[in-house]
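Visitor: I would be grateful for a close look at the nonpolar interior of this protein. Please begin with one residue there and then work outward to its surroundings.

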Amino acid sequence: MADPSAKPVPLLKDELDIVIPTIRNLDFLEMWRPFFEQYHLIIVQDGDPNKVINVPAGFDYELYNRNDINRILGPKANCISFKDSACRCFGYMVSKKKYIYTIDDDCFVAKDPSGKDINALEQHIKNLLCPATPFFFNTLYDPYREGADFVRGYPFSLREGAPTAVSHGLWLNIPDYDAPTQLVKPRERNTRYVDAVLTIPKGTLFPMCGMNLAFDRELIGPAMYFGLMGDGQPIGRYDDMWAGWCVKVICDHLGLGVKTGLPYIWHSKASNPFVNLKKEYKGIFWQEEIIPFFQSATLSKESTSVQQCYIELSKQVKEKLGAVDPYFNKLADAMVTWIEAWDELNNNTSEETSSKQPNGAAK
């Protein structure tokens, strides 16, 4: 007889890790407990490695700080950003699961228009498990959702769709604005709940936000490098953008889909626009050259794996963006180091990297 107190097993319970970058106690997990408690968490602690991060009881997690990153990656640890949420990508690297969901610690559970709590993770999983439509736009958006289908004129040869590599979620309350927009619109809040999931068409770039993001690690994981940001770098707050541009070019080349729209989270607080401006100001200029670079980037037919695509893209970054600023030569080298570290760690099943519990959390 079934135990009436037993909780239902959530989707992909043993195939998905939740990655959280943080510098503070993770009290926000209490509100996510109904949705996250049965999943495994990878917490990447930024800043002072001697600070103790408190995690609410009952969560299955492993926690890595800068000392752990340096020990596990050795000299290659310099590709992981410090004092920036870009450090989250270390969690992608050490995960052994097929799927990743990453969320910021200022993101709370949102409510849909009926007042019901939104299970963001469940919606991301649904997005990833059904195909995308990058080659032809469907005017009813996601044709695989209940109550929708392909519209008249949609080619039957394309209706099987493409594998979905990325699910990009959105935010209610505080929008993900750059510093100039924050300064002009300090009180603006996003209250619009749009009940839609769209595939971003092939050949179209998008600004990827890392605070509510899921992806298929096996399909696109090695391209989810959040770059060199934060301490010692001339730029910040472009970590997820850089990853998104690289990912989209590679997904287009490999025939993979990227979705955006549902699910929503509640973004609870705005970061300081003056601090943000200091981090972003070079990027605001540079992106006018970065984006045309990615728009025109092409990959050779010999690049058939994500790693091969990423290395080829790194060479183009050095060749074409190195003239913009020496930072891009350094970034291109870090892209190569990231792939080398990814391959080393993911061909290694040692106890140290596959089941280590730096905080002594029981599995």
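Guide: In this predicted model, a suitable starting point is Leu73, which touches Ile80, Phe90, Met93, Ala341 and Leu345 once residues up to four places away in sequence are set aside. Leu73 belongs to the largest nonpolar core, a set of 69 residues. Within that core, Leu73 is one of the residues with the most contacts, a group that also holds Ile220, Tyr225, Trp242, Phe294, Tyr310 and Trp338. Helix H10, spanning residues 327–346, supplies the largest share of this core, with eleven residues. There is also a second, separate core, which comprises 32 residues; among them are Ile18, Leu26, Phe36 and Ile43.

From the core one may turn to Gln233, which is located in the loop between helix H6 (217–220) and helix H7 (239–254). Leaving out residues up to four places away in sequence, Gln233 touches Leu228, Tyr327 and Lys330. With Lys330 there is a polar contact as well, made between the two side chains at 3.5 Å.

A last point of reference is Pro292, a residue of helix H8 (residues 273–296). Its relative accessibility is 38%, and Pro292 therefore counts as partly exposed, since that class lies between the 20% limit for buried and the 50% limit for exposed residues. Pro292 and Met229 are 63 residues apart along the chain, and their C-alpha atoms are separated by 21 Å.

How values were computed. Residues are numbered from 1 along each chain as its sequence is written. This is a predicted model: local features need pLDDT of at least 70, side-chain atom pairs count only at pLDDT 80 or more; totals for chains, interfaces and linings use all residues. Side-chain values use heavy atoms; hydrogens and water are left out. Helices (H or I, at least four residues) and strands (E, at least two) are DSSP runs, numbered from the N terminus. Buried means under 20% relative accessible area, exposed over 50%, partly exposed in between (1.4 Å probe, protein chains only). A nonpolar core is a set of buried Ala, Val, Leu, Ile, Met, Phe, Trp, Tyr and Cys residues joined through side-chain atoms within 4.5 Å. Contact means heavy atoms within 4.5 Å. A polar contact is a pair of N or O atoms within 3.5 Å; within protein, one must be able to donate a hydrogen and the other to accept it, and residues adjacent in sequence count only if both atoms are side-chain atoms.
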